[in-house]
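Trainee: I would like a close look at how the interior of this protein is put together, and at which parts of the model deserve caution. Please take it as one connected account.

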Amino acid sequence: MSSVVYWLHLPEHTDMFTQGYIGVSSQLDKRLKDHKLKTENTHLKNAIDLYGWDNLVKQVIIVADKAYCLMIEAKLRAEDDRKSTRLNSSHIPLSRMPSSA
């Protein structure tokens with residue numbers, strides 16, 4: 001069964017290594033619906049509440065087997081979380097996200 005690596009981000013985000021949210025799923029539509037309606041990720045929930053679900057770009061990065069997708073996700077999030085605006089990290093305050101002015 002194939003999976004996808006996806007990137008949720010603001011339109012002005014250009015760096016998937018340091019901005020937005022990276023995820024892996026074998027059921028993308030269901031996963032996106034879960035993010036929209038009941039995400040447990042506090043920073044992603046705050047971004048959805050602040051910017052609006054429809055203002056976030058939902059982008060598929062790669063379609064492959066699950067093991068490969070998990071490896072790509074790990075490489076995309078290998079940097080020190082304290083230097084990023086990513087929403088995967090529980091260490092990053094939402095205020096570090098650029099505004100959508």
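Trainee: How many helices and how many strands are there in the protein?

Mentor: This is a predicted model, and in it the protein has 3 helices and 4 strands, which follow the pattern β-β-α-α-β-α-β when read along the sequence. Of the 101 residues in the protein, 42% are buried, and about 5900 Å² of surface is exposed, with carbon and sulfur atoms supplying 52% of that area. Among the contacts with a separation of 6 or more, 62% are between residues 24 or more positions apart.

Turning to the interior, the largest nonpolar core has 13 residues, and those with the most contacts inside it are Tyr 6, Leu 8, Leu 32 and Trp 53. At least two residues of this core come from each of strand E1 (2-9), helix H1 (28-38) and helix H2 (42-51), and H2 gives the most, with 4 residues. Tyr 6 deserves a closer look: leaving aside its neighbours within four places in sequence, its contacts include Tyr 21, Ile 22, Gly 23, Val 24 and Ser 25, then Leu 28, Arg 31, Leu 32 and His 35, and further along the chain Gln 59, Val 60 and Ile 61. A second, separate core has 8 residues, including Trp 7, Val 24, Cys 69 and Ile 72; Val 24, one of the residues in this second core, is also in contact with Tyr 6, which is itself among the residues with the most contacts inside the largest core.

Gly 20, for its part, is found in strand E2 (residues 19-25), and Gly 20 counts as buried because its relative accessibility is 0%, where buried means under 20%. Although Gly 20 and Leu 56 are 36 residues apart in sequence, their C-alpha atoms are 9.2 Å apart in space.

As for caution, the mean pLDDT of the protein is 83, and 77% of its residues reach 70 or more, but two stretches call for separate comment. Over residues 80-84 pLDDT stays under 50, and the model has 11 contacts beyond four places in sequence for this stretch. Over residues 89-101 pLDDT likewise stays under 50, and there the model has 35 contacts beyond four places in sequence. Where pLDDT is low, the predicted coordinates should not be read in detail.

Key. Residues are numbered from 1 along each chain as its sequence is written. This is a predicted model: local features need pLDDT of at least 70, side-chain atom pairs count only at pLDDT 80 or more; totals for chains, interfaces and linings use all residues. Side-chain values use heavy atoms; hydrogens and water are left out. Buried means under 20% relative accessible area, exposed over 50%, partly exposed in between (1.4 Å probe, protein chains only). Contact means heavy atoms within 4.5 Å. Accessible areas come from the Shrake-Rupley method with a 1.4 Å probe; for residues, only the protein chains shown count as cover. pLDDT is the predictor's confidence in each residue, from 0 to 100. A nonpolar core is a set of buried Ala, Val, Leu, Ile, Met, Phe, Trp, Tyr and Cys residues joined through side-chain atoms within 4.5 Å.
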